[in-house]
Amino acid sequence: MANAIWQETAVPGKLAPDFILPAIKGGKVRLKDFCGSAKKSGKKAVIIMFFAEWCEICHDKEIPDLIELQKDAKIKDKVQVLAISIDKELNKEKYKKMALPFPVLSDRFIMLAPRYGFTKMLPMTVLISPDGRVVKIWEGYNEEIAKEMKSGLAKIIENFSKYQ
């Protein structure tokens, strides 16, 4: 099976491009397993973070924030974080040792990231609603982006029943 399934480019308000990517712990992960056409009881909001090993802000700021978010007991059943590396050679052992509470996937040929608007700025983060629609795409990461992301996610969680 190919590394990705191609659809349209990601646009806020439209369905997010579906994909299947290899996970560093083995197996493959598909976006639609979490949102969009996922089983009604299994739909979640999805946060996708594109990153690279050389991206300091990815490791120092955003990954710790996403770990905290994924572990939040109040929302963990309603949110799924997916970290997608664009590194050609990913240090898999490093991420396995980190014991992240979310999958780390590989887009080593950088074929999926451009479908979500990636140019050259990392991290790039995408918020997707449980019905599979792109809510917002951010490039870079700072306190304002973190607040916007949490606010967008809070609105989804507040109205979660409409997606079920």
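In the predicted model, Cys35 is buried, because its relative accessibility of 2% falls under the 20% cut-off for burial. Two further cysteines, Cys55 and Cys58, are joined in a disulfide, with 2.2 Å between their sulfur atoms. A search of the whole structure returns one disulfide. The torsion about the S-S bond of Cys55 and Cys58 is about 80°, and the disulfide is therefore right-handed. Both partners are withdrawn from the surface: Cys55 counts as buried at 3% relative accessibility, and Cys58 is buried with a relative accessible area of 0%.

The strands β5, β4, β3, β6 and β7 form, in that order, an open sheet of five strands with mixed pairing. The edges are occupied by β5 (104-106) and β7 (134-139); each has a single partner strand, so one side of each is left without a neighbour in the sheet. On average, neighbouring strands of this sheet are turned by 20° against each other, direction ignored. Within the sheet, β3 (residues 45-51) and β6 (residues 124-128) run antiparallel and are joined by five bridges. One residue pair that illustrates this contact is Ile47 with its bridge partner in β6, Leu127.

Open space in the model was also examined. The largest pocket has a volume of about 160 Å³. Eleven residues line the largest pocket, and those lying nearest its centre are Pro22, Leu90, Lys92, Ser106 and Arg108. By class, this lining comprises five charged, four nonpolar and two polar residues.

Note on methods. Residues are numbered from 1 along each chain as its sequence is written. This is a predicted model: local features need pLDDT of at least 70, side-chain atom pairs count only at pLDDT 80 or more; totals for chains, interfaces and linings use all residues. Side-chain values use heavy atoms; hydrogens and water are left out. On a 1 Å grid over the protein atoms alone, a cavity is a set of points where a 1.4 Å probe fits but cannot get out, and a pocket is an open set with protein on both sides within 12 Å along at least five of seven lines; lining residues have an atom within 4 Å of a point. Grid points are joined across faces, edges and corners, and a volume is the space filled by probe spheres set on the points. Ala, Val, Leu, Ile, Met, Phe, Trp, Tyr, Cys and Pro count as nonpolar, Asp, Glu, Lys and Arg as charged, and the others, Gly among them, as polar. A disulfide is a pair of cysteine sulfur atoms within 2.5 Å. Buried means under 20% relative accessible area, exposed over 50%, partly exposed in between (1.4 Å probe, protein chains only). Two strands pair if DSSP finds at least two bridges between them. Helices (H or I, at least four residues) and strands (E, at least two) are DSSP runs, numbered from the N terminus. Axes are lines fitted to C-alpha atoms, for helices over the stretch in contact, and angles run from 0 to 180 degrees between N-to-C directions.
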